[in-house]
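Dear colleague,

Please find below the structure that I am handing over to you. I should be grateful if you would read the notes that follow it alongside the coordinates.

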Amino acid sequence: MTSAWDTKIPCLGLVSLPPSRIFTGDEYYSANYKPRSKRHSHSVVVRNIKSEEGAADVVKRSLPAWLAASPKHKINRRSVEQDKPCTALQGYETKLTANTHRHEFNDLSGSVSLAWVGDGTGVILALMTFQMPFFLIRLGQSKLYRSENYGKSFEDVTNLINNTFIRSEFGIVIGPENSGKVILTGEVSGSLTSRIFTSETFGKTFTHRDLPFIPRLQITYNPNNANVLLAISTKRELWLSEDFGINWKKIHDMVCLAKWGRENTIFFSTNLNGSCAEQGALELRRTTDYGKTIKTVANKIYSFGLGGRFLFASVMTGKNLLRMIHVSVDQGEVWNIAQLPAVGHEQFYSILAANDDMVFMHVDEPGDTGFGTIYASDDRGTVYSKSLERHLYTTTGGDTDFTNVTSLRGVFITSVLTEDKSVQSVVSFDQGGEWLPLRQPANSKCDVTAKDPDKCSLHIHAAYSMSKMVNIPMLPLSEPNAVGLILAHGSVGDAISMMKPNVYVSDDGGYTWIKALEGPHHYAILDSGGLLVAVEHSPNQPINKIKFSTDEGQCWAVYNFTDDAIFFTGLASEPGARSMNVSIWGYRDVLLSQSWLSVTIDFKELLTRDCEDKDYVQWLAHSNDLSDPKDGCMLGYKEKFLRLRKDSVCVNGRDYQINTQPTPCLCTFDDFLCDFGYYREENSTVCVEQPDLKGKVLEFCLQGKEEKLVTSGYRKIPGDKCEGGVNPERTEIDLSKRCVSDQLLPEEQTETHSSRTVLIVITVIIVFLLSVAAGVVFVKKYVCGGRFLVHRYSVLQQHVEDNAADGVDDPLETNHTQNGKREFHEDSDEDMLE
């Protein structure tokens, strides 16, 4: 597990700029602080108002008509008795004081990167780096520290890296699983070469190796074999090592981007003309034997991406500089044209989330509108349905609020840009099938900026708010093992407000919320949700307090962790939310001296007993009525969980496993999407045929063949687990015609490192293309590759018909960093498939 100061939660890094400025996340803050010297001697416990049992239905706001709220989303909040006092947390000051550990470092370097090595090992590496440009060279120094007790104390182990300057932009690269492998990339003093330091002992010892190249990007591990490493050099050469960096071999020149696929497969884009900036001229190649043989699987691509089992390529069409998405489910052997609108040079595609069953794809609108449409795919990644229109996604900054709530299956939160240019938050509980406003917390009032106080709902601050310099220190936070929990900054009104945000908590996956903390905070989830911690975001004042809650944010206690306040820079906890330790990072500024300080608090002694069966209660997700056999069905099945009682003060423990009881449901029309050529009218579950397509044969390309669709208008949601019940007819008839596309060659050459072979094969392909040109013109009148596809799909009136599901143990993976931005590469255009 690794962490660096690039805002990748659960990552933490600390960056100190010159004394007048501190850099935290995406924002700069003034640092003219006045330290506090006295410590409060009393304990503080604050209780938040419980949500009302009879909360009103979700109010429909000024959103597009198809964003109507469904009455089935009326649900009551899971909470303790309203009048029960917060007495369980009394008397904690002495215990926490005895378990608070301070470590002061003897320097204040420019940045700190933290990395947890292994799962539950307690090993943390802290890399402190200072660098500055000097004419045409870069001067810098690095120090390395190691902890074996979750940060309670650190040992200076800089001698293990021979006092070498480590490149902070590459961070600390931790091996997959629990391999104990670590890579640090450094510069050799007095030369233009690079050196790596490798460890197979969880950072206890390091071995240095000089590289035959200078890395351009961070070295990556093979996810299936941590001994195999991949790197791209500054000369854009692709290098590979099969013995953990001891020996390296160059496997290709002029590589723009490389990614690990499945089963040791490597995909990379290249341009034989020697320029990665030549848009639409890249080739996508694949090797399955570490470079011994290389096959070209696509050409004329802008960019490529991987999501679940899907391989995507954005490909030039040759018409008006338009691009289209092609998708493959067999690692590039056969390509299908995704039934998505083509985009121009000012637009982009973006994979928002994907697993083996489906994909969420954002398609940008023409012009610099700042929004687009989210489409959800079928299980082949080829046929798409509209999920959400006017989805906020800025073109210039690449900011999107799209958030996968990992604590409850099927829940996503994002923002839309309304016609009056206001930004509003919406949530989906059925994986994109229906989007609706978030309910107003019962203990919150509509803010003064609201134009219509009767249309108040909760709006979540995420990446877009950060880009607008709203005082938001953290993005929404959820963890897979903290069922139903979400922590987020937000405001209550008819749109997102630029006023001071508060922290809101949901314990049921986003159905209901409470205002948990006043003002912005840094926060973390510990002990699988049994403990929440928060530190007030106070950029202009030093701090000495931490808040914590053992009842999912309803009651908060305040602990003064130091007598002398510190300038706070970050809150660090082990990734995975299973630890009981949290570290507060900052520095002291005394006269002319400054020094980093880490304060680690162990809450294990506060929660004195392990949780027992009596501490858990049964909870049915997506429901509030356990007695109703139909209630709680979502994506074909319902799940009952054993969850910790809010008034139980005990330790879940590192070995805590989620106890769930999935039960399949009878199939209903809610388990089906409207098929290609059909749509659902507003507030209806019935799929009707698109008027302008009545009587027409629906044809599309699948697996290189033209298919005829025979359908009653429905297709089952990918990954839906329902059984029996409704079963609409849907078949595909093979028309036995090859689908030929002028955008992508489905069968490409296999090459060795011989340039003669490449030239011969290219010549053969050119001859082949000339021979089939007439056939291409004929086939274009079908939906397999021409403009007709784009036009026909663009007029489909699909509203809230698009559901998609993942398996019980196969959650969607998002490709966004935790600040909501996509990672860009120079070989890509606006298509953010990387």
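The notes below go from the whole chain to its cores, its sheets and a few single residues.

**Confidence and overall make-up**

Please keep in mind that this is a predicted model. The mean pLDDT of the protein chain is 77, and 72% of its residues reach 70 or more. Two stretches stay under 50 in pLDDT: one covers residues 1-47, for which the model has 160 contacts beyond four places in sequence, and the other covers residues 815-830, with 64 such contacts. Where pLDDT is low, the predicted coordinates should not be read in detail.

The secondary structure of the protein chain amounts to four helices and 58 strands. The chain has 834 residues, of which 60% count as buried. Among its contacts with a separation of 6 or more, 59% join residues that are 24 or more positions apart. Its accessible surface is about 33,100 Å², and carbon and sulfur atoms account for 52% of that area.

**Nonpolar cores**

The largest nonpolar core holds 27 residues. The residues with the most contacts inside this core are Val 533, Ile 546, Phe 548, Phe 561, Ile 584, Ile 601 and Phe 603. Two or more residues of the core come from each of the elements β38 (521-526), β39 (531-536), β40 (545-549), β41 (555-560), β42 (567-572), β43 (581-590) and β44 (593-602). Another core, of 25 residues, lies apart from this one; its members include Val 405, Tyr 511, Ala 621 and Leu 673.

**Strand β35 and its partners**

Strand β35 spans residues 486-493, and eight of its eight residues are buried. Both of its faces are covered: Ile 486, Ala 488, Gly 490 and Val 492 are buried on one side, and Leu 487, His 489, Ser 491 and Gly 493 are buried on the other.

β35 runs antiparallel to strand β34 (residues 457-460), to which four bridges join it. In this pairing, Ile 460 stands opposite Gly 490 of β35. Strand β36 (residues 502-506) is also antiparallel to β35, and five bridges join the two. Here Gly 490 stands opposite Asn 502 of β36. Gly 490 thus has Ile 460 opposite it in one pairing and Asn 502 in the other.

**Two open sheets**

An open sheet of three strands has the order β45-β46-β47, with antiparallel pairing. Its edge strands, β45 (616-620) and β47 (660-664), each pair on one side only. From one strand to the next, the twist averages 20 degrees. Five bridges hold the antiparallel pairing of β45 with strand β46 (residues 637-644), and Gln 618 is placed opposite Leu 642 of β46.

An open sheet of four strands follows the order β15-β16-β17-β18, again with antiparallel pairing. β15 (220-222) and β18 (249-252) are the edge strands, each of which pairs on one side only. In this sheet the twist averages 35 degrees from one strand to the next. The antiparallel pairing of β15 with strand β16 (residues 225-232) has three bridges, and Asn 222 has Asn 225 in β16 as its bridge partner.

**Individual residues**

Two residues may be worth a look for their backbone angles. Glu 177 is not a glycine, yet its phi is positive, at about 55 degrees. Glu 177 is found in the loop between β11 (173-174) and β12 (182-187). Its relative accessibility is 74%, over the 50% cut-off, so Glu 177 counts as exposed.

Ala 577 also has a positive phi for a residue other than glycine, near 60 degrees. This residue sits in the loop between β42 and β43. Is Ala 577 buried or exposed? Ala 577 is buried, because its relative accessible area of 1% falls under the 20% cut-off.

Val 117 belongs to strand β6 (residues 111-117). With 0% relative accessibility, Val 117 counts as buried. Val 117 and Glu 148 are 31 residues apart in sequence, and their C-alpha atoms are 9.7 Å apart in space.

With kind regards

Key. Residues are numbered from 1 along each chain as its sequence is written. This is a predicted model: local features need pLDDT of at least 70, side-chain atom pairs count only at pLDDT 80 or more; totals for chains, interfaces and linings use all residues. Side-chain values use heavy atoms; hydrogens and water are left out. pLDDT is the predictor's confidence in each residue, from 0 to 100. Contact means heavy atoms within 4.5 Å. A nonpolar core is a set of buried Ala, Val, Leu, Ile, Met, Phe, Trp, Tyr and Cys residues joined through side-chain atoms within 4.5 Å. Buried means under 20% relative accessible area, exposed over 50%, partly exposed in between (1.4 Å probe, protein chains only). Accessible areas come from the Shrake-Rupley method with a 1.4 Å probe; for residues, only the protein chains shown count as cover. Two strands pair if DSSP finds at least two bridges between them. Axes are lines fitted to C-alpha atoms, for helices over the stretch in contact, and angles run from 0 to 180 degrees between N-to-C directions.
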